[in-house]
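The following exercises concern a single protein chain. Each task is followed by a solution worked in steps.

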Amino acid sequence: MYKYSAELLNTEPENTKYVDQFNNSNDLIKNWYHIHYNTSPITVEQKRISKLNHIYDSGKLPLSGHGLEMAFGFGESIYVLLNWYKNITMDAFDFNPLLSKIIPFIKDLYDQKINDMWIGDSQKITKPDNYYDFINSCSFFEHLPEEVYWNTIKETIRGRKPGKYLGCYLDKGKNYGEHIRCVPIEQTKKELQSIGFLCINDYIYQKPK
């Protein structure tokens, strides 16, 4: 099983391949969001839009207020969501210390729309109960070992206001590399519902009012 550690995350090929190319926020856009994803004709931005469309229907879901991005990576979801929704603000965290270099570049792109960004533990979100209006998780839960996954989804229900959204997209397919928990959508639905979420569709969940 893939074991997470600071040493492994700092030498993970996908991260180390790109992170040194970013020296400012313009580099982040030029050398990541608008490049083609591996050898495919679709850009990183387009690939993330495709995933987030499953949750937010191209920005038609009525999202508002202050949200949390779980595992910001190179900021792809933040980039898309803050362009779709002009009146939201966000916090964001990641568990990979290598990505601390990206924090000032993402904050620079969005000025006052990013309130707080940090490297931390998804099992212990450092905010009060009922703090967020929405939480976004795109291609994140499949990276978590079983115990960490359960603790993390419990944190997402603790951290959201009553009636507010959790958007959750999971990459499908077999477990590989750092993807260690790839499960069917139906299983995820049952798991999220078992701790109190209301399922709106396969990818969007609500905390009971």
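**Exercise 1. Helix 6 and its surroundings**

Which residue just after helix 6 takes a positive phi? Determine also which residues of helix 6 are buried, and what covers them.

*Solution.* The coordinates come from a predicted model.
Step 1. The residue is Asp111, whose phi is about 50°.
Step 2. Helix 6 spans residues 103-110, and its residues Ile103, Phe105, Ile106 and Tyr110 are buried.
Step 3. The cover over these buried residues includes helix 3 (25-33), helix 5 (76-84) and strand 3.

**Exercise 2. Topology of the sheet**

Establish the strand order, the edge strands and the pairing around strand 1.

*Solution.*
Step 1. The open sheet consists of seven strands, ordered 3-2-1-4-5-7-6, with mixed pairing. Its edges are strand 3 (114-119) and strand 6 (198-201), each of which pairs on one side only. From one strand to the next, the twist averages 20°.
Step 2. Strand 1 pairs with strand 2 in the parallel sense over five bridges, and with strand 4, also in the parallel sense, over three bridges.
Step 3. Individual bridge partners can now be assigned. Leu68 has Asp91 in strand 2 as its bridge partner, while Glu69 has Asn136 in strand 4.
Step 4. Strand 2 (residues 89-94) continues the parallel pairing to strand 3, over five bridges. Here Asp91 stands opposite Asp116.
Step 5. The connection from strand 1 through helix 5 to strand 2 is a right-handed β-α-β unit.
Step 6. Helix 4 (residues 44-56) lies across strand 4 (132-138), strand 5 (160-169), strand 6 and strand 7 (204-206). The helix runs at about 135° to strand 4.

**Exercise 3. Burial of strand 1**

Why is strand 1 described as largely enclosed by the rest of the structure?

*Solution.*
Step 1. The criterion for a buried residue is a relative accessible area under 20%.
Step 2. Examine the two faces of strand 1 separately. His66, Leu68 and Met70 lie on one side, Gly67 and Glu69 on the other, and all are buried.
Step 3. Five of the five residues of strand 1 (residues 66-70) are therefore buried, and the strand is largely enclosed.

**Exercise 4. Salt bridges**

How many salt bridges does the structure hold? Analyse the network that links Asp129, Glu155 and Arg158, and then the pair Lys189 and Asp202.

*Solution.*
Step 1. The total is six salt bridges.
Step 2. Arg158 bridges to Asp129, with the closest N and O atoms 2.7 Å apart. Arg158 belongs to helix 7 (residues 146-159) and Asp129 to the loop between strand 3 and strand 4, so this pair ties together parts that are 29 residues apart in sequence.
Step 3. Arg158 also forms a salt bridge with Glu155, at 2.6 Å from N to O. Both residues lie in helix 7, three residues apart, about one turn of the helix. An α-helix has 3.6 residues a turn, so residues three or four places apart point the same way.
Step 4. Within this network, Glu155 counts as buried at 10% relative accessibility, whereas Arg158 is partly exposed at 22%.
Step 5. In the remaining pair, the side chains of Lys189 and Asp202 meet at 3.2 Å, N to O. Because Lys189 lies in helix 8 (residues 185-194) and Asp202 in the loop between strand 6 and strand 7, the bridge ties together parts that are 13 residues apart in sequence. Lys189 is buried, with a relative accessible area of 16%, while Asp202 is partly exposed at 30%.

How values were computed
Residues numbered from 1 in each chain as written. Predicted model: local features only at pLDDT ≥ 70, side-chain atom pairs only at ≥ 80, totals over all residues. Heavy atoms only, no water. Pairing = 2+ DSSP bridges. Helix = DSSP H or I, 4+ residues; strand = E, 2+ residues; numbered from the N terminus. Axes fitted to C-alpha atoms, helices over the stretch in contact; angles between N-to-C directions. Contact = heavy atoms within 4.5 Å. Buried < 20%, exposed > 50% of the residue type's maximum accessible area, 1.4 Å probe, protein only. Right-handed = clockwise from strand over helix to strand, strands pointing away. Salt bridge = Lys/Arg side-chain N within 4 Å of Asp/Glu carboxyl O.
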